[in-house]
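Visitor: I would like to learn how to read a protein model, one feature at a time. Where should a beginner start?

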Amino acid sequence: MSHTKSRTRSRSVHRAATSVEIITPQVALPTISATSNPFTVNATVTMACATSGATIRYTVDGSAPTLSNGSDYSLGLVITDTASYRVVAFKTGMLPSNEAKLTVTKSGA
């Protein structure tokens, strides 16, 4: 009499869990400067960002600049009175920049 033994071999497959961290780049910190600070008659405020194609937005009312709050910067701003600027740069597909701040003060003549 013949006995046939059937063996099933099981093989366990171990797969290491892989985690992928996606790092979203951040827009460079914008720069803000004034032609003179303090100034007596007027000053020109300029803003720039090293991230190509970024949109610079600013506020002067103390609120944080966002895509829906503030004004777009395009050219030098001529000012005639004290002003405090909060500035953030934005670009699609990137995290907004950190905030830059500058207070430009009008002094008595």
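Guide: Start with one pair of residues: Arg 57 stands opposite Asp 72 in β4. Keep in mind that this is a predicted model.

Visitor: In what sense do β3 and β4 pair, and over how many bridges?

Guide: The general idea first. Strands of a sheet pair through backbone hydrogen bonds, either parallel or antiparallel. Here β3 and β4 pair in the antiparallel sense, over two bridges.

Visitor: Which strands form the open sheet with antiparallel pairing that includes β3, and in what order?

Guide: Four strands form this open sheet, and their order is β4-β3-β6-β7. At its edges stand β4 and β7, each with a single partner strand, so one side of each has no neighbour in the sheet.

Visitor: Back to Arg 57 and Asp 72. How do their side chains meet?

Guide: Again, the general idea first. Side chains of opposite charge can pair when their charged atoms come close. In this model the side chains of Arg 57 and Asp 72 meet in a salt bridge, at 2.5 Å from N to O. Arg 57 lies in strand β3 (residues 55-59) and Asp 72 in strand β4 (residues 71-72), so the salt bridge ties together parts that are 15 residues apart in sequence.

Visitor: Is Arg 57 buried or exposed?

Guide: Arg 57 counts as buried, because its relative accessibility is 9% and the cut-off for buried is under 20%. Its partner Asp 72 is partly exposed, with a relative accessible area of 49%.

Visitor: How many salt bridges does the count come to?

Guide: The count comes to three salt bridges. One of them joins Glu 99 and Arg 86, with the closest N and O atoms 2.9 Å apart. Glu 99 sits in the loop between β6 (83-90) and β7 (100-104), while Arg 86 is in strand β6, and the two are 13 residues apart. Glu 99 is partly exposed at 28% relative accessibility, and Arg 86 is partly exposed with a relative accessible area of 22%.

Visitor: With which residue does the side chain of Lys 101 meet in a salt bridge?

Guide: Lys 101 meets Glu 99, at 3.7 Å from N to O. Lys 101 counts as exposed, with 60% relative accessibility. Salt bridges that share partners join Arg 86, Glu 99 and Lys 101 into one network.

Visitor: What is the order of the strands in the open sheet of three?

Guide: The order is β1-β2-β5, with antiparallel pairing. Its edge strands are β1 (31-34) and β5 (77-79), each of which pairs on one side only. On average, neighbouring strands of this sheet are turned by 20 degrees against each other, direction ignored. Strand β2 (residues 43-48) pairs with β5 over three bridges, and Thr 44 has Val 78 in β5 as its bridge partner.

Visitor: Which residues have the most contacts inside the largest nonpolar core?

Guide: In soluble globular proteins, nonpolar side chains tend to be buried together. The largest nonpolar core here has 19 residues, and those with the most contacts inside it are Ile 32, Val 45, Met 47, Tyr 85, Val 87 and Val 104. Two or more residues of this core come from each of β2, β3, β5, β6 and β7. The largest share, four residues, is given by β6.

Visitor: What is Val 87 in contact with, leaving aside its neighbours within four places in sequence?

Guide: Its contacts include Ile 32, Met 47 and Ile 56. Among the others are Arg 57 and Glu 99, two residues already met in the salt bridges.

Conventions: Residues numbered from 1 in each chain as written. Predicted model: local features only at pLDDT ≥ 70, side-chain atom pairs only at ≥ 80, totals over all residues. Heavy atoms only, no water. Pairing = 2+ DSSP bridges. Axes fitted to C-alpha atoms, helices over the stretch in contact; angles between N-to-C directions. Salt bridge = Lys/Arg side-chain N within 4 Å of Asp/Glu carboxyl O. Buried < 20%, exposed > 50% of the residue type's maximum accessible area, 1.4 Å probe, protein only. Core = buried A, V, L, I, M, F, W, Y, C linked by side-chain atoms within 4.5 Å. Contact = heavy atoms within 4.5 Å.
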